[in-house]
Each structure stands twice: as C-alpha cells, then as structure tokens.
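Please look through the structure below with the sequence beside it. The paragraphs that follow take up its elements, its rings, its charged pairs and its surface.

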Amino acid sequence: MNTFNESRLIHRKYRDFFEIVASILELARNTCVSRFFLVKNIGTNSRHIEKYLDILIQKGLLGINYKDGKVLYKTNEKGLIFLRHYGVLKEILFGINTDHPMLVAEAIAPLRGDRNAR
C-alpha cells in the first residue's frame, strides 16, 4: 500500500470502529509511530485514540516499543492478519480494491493452523 492513500477516508466525520482500528494498524504497519502521529493522521483527539490503543494492545494487534523515553506503537502479526481480513471484507462487500491484490485464501490461511491467531 502507498504511504496511506486511504487517508482521505480516515478524515471523514463518521467512521465505524473497524475503520478507525484499520487506520491505526495501517499507519503503524511498517514503522513505530507515536500517539501524536496517530492523533494527527486519524483526525481525532488524544483521549479518543487512547481508548483504541488500549483495546488493540489488550487484544494483541498492536505492540508497544520504547525509544528515547517515548512510547511507540507498531502493528504486530495478529494486527497484520486483521488488516488482511479487513481488506478482503471491503473487497467483497463494497468492491473497494486495495493497492495490492488480496486473496481470500491468503487472508484466512493463518487461521487454519494457528488457533492463537483468532
């Protein structure tokens, strides 16, 4: 995916839980990001983003890293699985094509042999 082509979608006024979760995970996909970076790019406030971060960390989709005394967040393997499934669902339900081809078999493959991935 590009540097986040869906950012225009992120700044819509009404977004559901899954859109915001996917936005956070996508922004933290390739690099560690700060809460400030997420607030700025998601278009919400710090208190709101904190609730999402708590859920994502608790559910094991997002990891915490520390650098120079700062807390940074990075999408982990379970979060990447979520993003693959989310992309497949968008494709199936809305015909929204992501920047890279998404195969249903590829998205569900990790769930076949790994009970911890659920």
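**A walk through the chain**

Leucine 89 has its place in helix 5, which covers residues 77-94. The model in which this helix is seen is a predicted one, and the residue makes a convenient starting point. With a relative accessibility of 47%, leucine 89 counts as partly exposed, because that class lies between the limit of 20% for buried residues and that of 50% for exposed ones. Leu89 also belongs to a nonpolar patch on the surface, which it forms with Ile92, Leu93 and Phe94, and these residues together offer about 470 Å² of accessible area.

From this one helix the view can be widened to the whole chain. Its secondary structure comes to six helices and two strands, and, read from the N terminus on, the elements follow the order α-α-α-α-β-β-α-α. The chain has 118 residues, of which 35% count as buried, and its accessible surface comes to about 7700 Å², with 55% of that surface belonging to carbon and sulfur atoms. Among the contacts in the chain with a separation of 6 or more, 50% are accounted for by residues that stand 24 or more positions apart.

The aromatic rings come next. Four aromatic pairs are present in the structure. One of them joins phenylalanine 17 and phenylalanine 18, whose rings are 5.4 Å apart from centre to centre with 85° between their planes, an edge-to-face arrangement. Phenylalanine 17 has a relative accessible area of 36% and is partly exposed, and phenylalanine 18, at 46% relative accessibility, is likewise counted as partly exposed. The ring of phenylalanine 17 also pairs with that of tyrosine 52: here the centres lie 5.4 Å apart and the planes meet at 25°, so this pair is stacked. Why does the pair of phenylalanine 17 and tyrosine 52 tie together parts that are 35 residues apart in sequence? Phenylalanine 17 lies in helix 2, made of residues 17-27, while tyrosine 52 lies in helix 4, made of residues 46-58, so the contact between their rings brings these parts together. Tyrosine 52, at 10% relative accessibility, counts as buried. Seen together, ring pairs link Phe17, Phe18 and Tyr52 with Phe82 and Tyr86 into a cluster.

The charged side chains give a second set of pairs. Side chains of opposite charge can pair when their charged atoms come close. The structure holds three such salt bridges. In one of them glutamate 26 is joined to arginine 29, with 2.9 Å between the closest N and O atoms; glutamate 26 counts as buried at 12% relative accessibility, whereas arginine 29, at 21%, counts as partly exposed. Another salt bridge is formed by arginine 35 and glutamate 50, whose closest N and O atoms are 2.3 Å apart. This pair links distant parts of the chain, since arginine 35 is in helix 3 and glutamate 50 is in helix 4, 15 residues apart. Both partners fall into the partly exposed class, arginine 35 with a relative accessible area of 35% and glutamate 50 with 24% relative accessibility. A further salt bridge brings together the side chains of arginine 84 and glutamate 77, with an N to O distance of 3.9 Å. Arginine 84 is buried, with a relative accessible area of 17%, while glutamate 77, at 48% relative accessibility, is partly exposed.

A last stop is asparagine 41, which has its place in helix 3, residues 35-42. Asparagine 41 has a relative accessible area of 23% and is therefore partly exposed, the limit for a buried residue being 20%. A polar atom of the asparagine 41 side chain lies 2.8 Å from the backbone oxygen of phenylalanine 37. How far apart in space are asparagine 41 and isoleucine 24, C-alpha to C-alpha? The distance is 8.9 Å, and the two residues are 17 residues apart in sequence.

Methods. Residues numbered from 1 in each chain as written. Predicted model: local features only at pLDDT ≥ 70, side-chain atom pairs only at ≥ 80, totals over all residues. Heavy atoms only, no water. Phe/Tyr/Trp six-rings, centres within 6.5 Å; stacked < 30°, edge-to-face > 60°. Buried < 20%, exposed > 50% of the residue type's maximum accessible area, 1.4 Å probe, protein only. Helix = DSSP H or I, 4+ residues; strand = E, 2+ residues; numbered from the N terminus. Polar contact = N/O pair within 3.5 Å; in protein donor to acceptor, adjacent residues only side chain to side chain. Contact = heavy atoms within 4.5 Å. Areas by Shrake-Rupley, 256 points an atom, 1.4 Å probe, with all protein chains shown as cover. Patch = residues over 30% accessible without salt bridge, like charges linked within 9 Å, V, L, I, M, F, W, Y side chains within 5 Å. Salt bridge = Lys/Arg side-chain N within 4 Å of Asp/Glu carboxyl O.
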